[in-house]
Amino acid sequence: MIGPTLQPVIVGAGPAGIRAAQTLVAHGARPVLIDDAARGGGQIYRRPPAHFARSPQTLYGTEASRATALHSTLDGLAAHIDYQPDSLVWNAQGGQLDVLHGPTQTTRTVPYGQLIVASGATDRVLPVPGWTLPGVYTLGGAQVALKFQGCTIGRNVVLMGTGPLLYLVAYQYAKAGAKAGVKVAAVLDTARFADQLAALPGMLTQPAVLAKGMYYVGWLRAHGVAVHTGVRPLRVEGETRVNAVVWTDGQTEHTAPCDAMGFGYALRSETQLADLLGCRFAWAPMHRAHLPERDSAGRTSVAGVYLAGDGAGIMGADAAEWAGERAALALLADHGVKVDAVRTTELERKLMKLMPFRQGLERAFPFPTDWAAHAPDTLVVCRCENITAGELRACARDAGADEMNRLKALTRVGMGRCQGRMCGVAAAEILAHATGKPIDTVGRLRGQAPIKPIPIHLQPQAEARA
Amino acid sequence: MSSSQPLLHRVAEKDRTPVPFVLDGEPAAALEGDTVLTAILIHRAQLRRNEFSHEPRAGFCLMGACQDCWVQTATGERLRSCATFIQAGMQLTTGEPA
């Protein structure tokens, strides 16, 4: 049994973190559950403020039963865990976390015996000229506005990029907006229809999920929403806010007038905490990213540190729930607690079975590997500090930078407030293209504390409290 | 479309208690449960100006990752507006004259 000196800590109250907490509680432990949000649920099952009125069916559609099951699990755990919402983990070292409590703006240290990191994901962004204009958001951001605030990002909205979220957000916007004078101006997918056809064999291994995706596309077309595949984004136009998106089908330039745009190219894992904890990383070709290594149960290279959910590789919400439970069972077993071997095997099997579908998704919505070749020198890559593709290329050419941290030191890309969350993927693509090196050899931006900005005046208070 | 017209558009959850606050020195109203970001962008098309390009910004990821939605209060305090709920009497600025 896990004693009080070994109180486990979970970071992130999304599908993975909540299932991990539930599993630890079921085995007699009392975990600390730390989450940046005011209410747990994560991003895809994000909960609006308590007094909002829409039904789970309206908010989560086909995923309503999954979302409510997860939320009620968290609510039911209240008396059995130390739940710390509104709390941002901004540093991790030496067996303790530094945590900023948003509402009181105070920081504290949280020691841990073992740690499960379920840090989730954000949109994977490939900038397009004009992407810093007001009215341009990520696809996830467009969804948060609707789900969490009952707002759309505009009245005439273009949704662009690729990945399952593109069609889900388009469907949600078209549906919610229908009675409110909001419409989806166009869905612009960089994937080609041929990609989607080629992906069908893998996708058919999860027919129910595939059917949902096809339903959204069919619904959009049936409701007169223009869906274009095989597009290459050229620019977002506007002076002080977006008023059009310009794209090409390879031959002709097209303009889609709009007052807002959501875009993204699937998701990227949020790995900075795993990095600060010293986890070993490896290149993961399917994810086109360096990811923290973990075994099939979620153990990292650092004893006592476990990973679960999209923060360790994008596998989706169902996989996150299984991986959260699996990581918690590994943590328990590693500390001598007897766990159900049949269940651990079943969870690993479920996770493995998702792989053909996951690879199919990558085939259906491929990363646009020619993005860097088409990015103009004037394109702003770093939106924090306004650093352009041309500046990055000049650094590679003139200073010989051929590794991401060298590029960061010389140009400040990835050094701004977002710490490379928004620009890191794009900067690596530009660097690989400029140097002619394979993308997996240009390295990755190292995580640095604080991983998100904290008020400077807090630090002395934190010292005094320690 | 001009920058004085709002970016965000309410399509649901409109029956909430109004919350009075001050935007660039002028009285404004939000709804209980609005984030500071929503409260501002339901009236305006920007939250701040970027320190490097000096161009208007209105947030980007809405989930606490991009740090592009920091808003300054009239007293110089800085808020991550996508993750801070509006409170009555808040005095917020967007870097533009009212």
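This is a short dialogue on reading a predicted two-chain model, feature by feature.

Trainee: What ground rules apply to this model?

Mentor: The model is predicted: local features need pLDDT of at least 70, side-chain atom pairs count only at pLDDT 80 or more, and totals for chains, interfaces and linings use all residues. Residues are numbered from 1 along each chain as its sequence is written, while chains are lettered from A and ligands numbered from 1 in the order in which they are written.

Trainee: How many residues does each chain give to the contact between chain A and chain B?

Mentor: In general, the size of an interface is often given as the accessible area lost when the parts come together. Here we count residues instead. Two residues are in contact if their C-beta atoms, placed from the backbone, lie within 7 Å. Chain A gives 45 residues and chain B gives 34 residues.

Trainee: Which elements of chain A give two or more residues to the side that touches chain B?

Mentor: They are strand 8 (121-123), strand 9 (136-138), helix 4 (139-149), strand 10 (151-152) and helix 5 (164-177) of chain A. Helix 4 of chain A gives the most, with five residues. Helices (H or I, at least four residues) and strands (E, at least two) are DSSP runs, numbered from the N terminus. By class, this side of chain A has 17 nonpolar, 17 polar and eleven charged residues. Ala, Val, Leu, Ile, Met, Phe, Trp, Tyr, Cys and Pro count as nonpolar; Asp, Glu, Lys and Arg count as charged; the others, Gly among them, count as polar.

Trainee: Which strand of chain B is joined to strand 10 of chain A?

Mentor: Start with the general idea. Strands of a sheet pair through backbone hydrogen bonds, either parallel or antiparallel. Two strands pair if DSSP finds at least two bridges between them. Strand 10 of chain A is joined by two bridges to strand 1 (residues 9-10) of chain B, and the two run antiparallel. Cys151(A) has Arg10(B) as its bridge partner.

Trainee: What is the strand order in the five-strand sheet of chain A?

Mentor: The order is 3-2-1-7-21, in an open sheet with parallel pairing. At its edges are strand 3 (82-84) and strand 21 (305-307) of chain A, each pairing on one side only. The twist averages 15° from one strand to the next. Inside the sheet, strand 1 (residues 9-11) and strand 7 (residues 115-117) of chain A share three bridges. Ile10(A) stands opposite Ile116(A) there. Helix 1 (residues 15-26) of chain A packs on this sheet and touches strand 1, strand 2 (32-34) and strand 7 of chain A. Its direction makes about 165° with that of strand 1 of chain A. Such angles run from 0 to 180 degrees between N-to-C directions; axes are lines fitted to C-alpha atoms, for helices over the stretch in contact.

Trainee: Why is one side of strand 14 and of strand 16 of chain A left without a neighbour in the sheet?

Mentor: Three strands of chain A form an open antiparallel sheet in the order 14-15-16. Strand 14 (232-237) and strand 16 (253-257) of chain A stand at its edges with a single partner strand each, so one side of each has no neighbour in the sheet. Strand 14 pairs with strand 15 (residues 244-248) of chain A over five bridges. Glu237(A) stands opposite Ala244(A).

Trainee: What does the hairpin of chain B look like?

Mentor: Strand 2 and strand 3 of chain B form it, with two residues between them. Asp24(B) in the turn has a positive phi of about 50°. Six bridges join strand 2 (residues 18-23) to strand 3 (residues 26-31) of chain B, running antiparallel.

Trainee: Which residues of helix 13 of chain A are buried?

Mentor: An α-helix has 3.6 residues a turn, so residues three or four places apart point the same way. A residue is buried if 20 or more other C-beta atoms lie within 10 Å of its own, exposed if 12 or fewer, and partly exposed in between; C-beta atoms are placed from the backbone. In helix 13 (residues 389-398) of chain A, Ala389(A), Glu391(A), Leu392(A), Cys395(A) and Ala396(A) are buried. They cover an arc of only 165° around the axis, which puts them on the same side of helix 13 of chain A. The arc is that of the directions from the helix axis to the C-beta atoms. The face turned away from the buried side carries the exposed residues Arg397(A) and Asp398(A). Gly400(A) follows helix 13 of chain A, with a positive phi near 70°.
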